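Reader: I have a chain open in the viewer. Please walk me through how to read it.

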Amino acid sequence: MKRLIWYVVVTILMLPGYQGITEACLGARPLSMGGAFVAVADDIHSCYWNPAGMGNLQGTELTYMQTLNNKALLNYQNWTAGGIKIGSGGIGVSQIKAINPYFDIYDAATGTYQYTYYTNDDWMTLSIGGWGTGVFENTAMGVNIRRYSQSLEKRDDFKLWENGKDTREGMGYEAEVNGYDIGVLHKLSDKVNLGLLIQDVNEPRYDFNKDIYVCDRGHAFEVSPGAECPVCLKKYDRSVKIEPYHLHRRHARNFRPGIAWMPDENTTIAVDIYYFNVKDVYDNEMQSEVRIGIEKWLTEKFSVRAGCYGKSMHTIGFGLKSKPEEGSTAPNMLYQIDYGLLESDGGGTHLLSATVKF
Ligand SMILES: [Zn+2]
């Protein structure tokens, strides 16, 4: 088994043609494990990573994650999640706050890309999942029901900050839609889990009640610049037709298979594939990405983690958790602090999570 897993890991690493993306993920612990968590899903992070893992909660778990820097560059700002174990299952609610860059808008008057459109996203998710019985004793299933709410915002790129505040401003366009995820977790043995997360099974699409103008090459304009694209004319010395474009986004179905191996009770090694051969969320082709991570508890209270978040980015982090005193009569509450660093091109994004379990 050991040899087979190493073989799979090495083979995947040698596959050509996948690339990194510049988005972080949810939870300092999953991030610092390279974003390979679909088959791990053993705590409240299951709310996002695999709802089948909701049956692995230890009683009630609450977590809050904050992105510490690069918030203007990064999509996820913060994440709050809470869940309760019920029998062999669990139920949870979570909220994601995200800012997603949408369009660079070319301003014909100044001859530059002066504005950027963003979507300001507030996503609420209900997660339900748990372990089966009988022949399905080693298999868990779960669903996420997500309400995507977003509002369109605009930012003047020549005036990013004003009085220490981001100059993004609401444009009065909002959109809502429901998305559904399905998760499966299977214990192959005491030491090996298989996981599968299918995000946005229904491929939700949301529309803003606004049209802009876009050329074939993606140059975008707020006001019609005429029949021909002025950027293409200037840049490529050729004309390309301009068409009206209705602002919308669609979340593509995302297959995320994973495997987790626990060679001993203090060590987890996980591999996930992100976007298993599916098209990009934002209408661009996106190639599959392999994520690999390791977590090792060096003592009962301290763990180190590291991973490869796609081909070009690395992650590192640690976890600290409390341990109840032997024979203590105090409420049995556990605290955990996790830190994760996403490193790319010498830069870094820091994530911090605080979790309580009781
Ligand atoms: Zn153009």
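**Strand pairing**

Author: Start with one pair: Gln150 stands opposite Ala175 in β8. This is a predicted model, where local features need pLDDT of at least 70, side-chain atom pairs count only at pLDDT 80 or more, and totals for chains, interfaces and linings use all residues. Residues are numbered from 1 along each chain as its sequence is written.

Reader: How many bridges join strand β5 to strand β8?

Author: First the terms. Strands (E, at least two residues) and helices (H or I, at least four) are DSSP runs, numbered from the N terminus. Two strands pair if DSSP finds at least two bridges between them. Here 15 bridges join β5 (residues 139-156) to β8 (residues 169-187), and the two run antiparallel.

Reader: What do β8 and β9 form?

Author: They form a hairpin, with four residues between them. Six bridges join β8 to β9, again antiparallel. Gly183 stands opposite Leu197 in β9. In general, side chains in a regular strand alternate between the two faces of the sheet.

Reader: Which element has the lowest mean pLDDT, and which the highest?

Author: pLDDT is the predictor's confidence in each residue, from 0 to 100. Helix α1 (residues 2-14) has the lowest mean, 46, and strand β9 (residues 192-199) the highest, 97. The protein chain averages 87, and 87% of its residues score at least 70. Over residues 7-21, pLDDT stays under 50. Where pLDDT is low, the predicted coordinates should not be read in detail.

Reader: Is Ser32 buried or exposed?

Author: Count C-beta atoms, placed from the backbone. A residue is buried if 20 or more others lie within 10 Å of its own, exposed if 12 or fewer, and partly exposed in between. Ser32 counts as buried because it has 29 C-beta neighbours inside 10 Å. It lies in helix α2 (residues 28-32).

Reader: What does Ser32 touch, not counting residues up to four places away in sequence?

Author: Contact means C-beta atoms, placed from the backbone, within 7 Å. By that rule Ser32 touches Arg305, Gly307, Thr315, Ile316, Gly317 and Gly340. Ser32 and Tyr309 are 277 residues apart in sequence, yet 8.8 Å apart in space, C-alpha to C-alpha.

Reader: Which residues touch the most other members of the largest nonpolar core?

Author: A nonpolar core is a set of buried Ala, Val, Leu, Ile, Met, Phe, Trp, Tyr and Cys residues joined through C-beta atoms within 7 Å. This one has 58 residues, and Leu26, Phe37, Val38, Ala39, Ala41 and Ala270 touch the most other members. Strand β3 (residues 89-107) gives the most to this core, with six residues.

Technical notes: Two residues are in contact if their C-beta atoms, placed from the backbone, lie within 7 Å.
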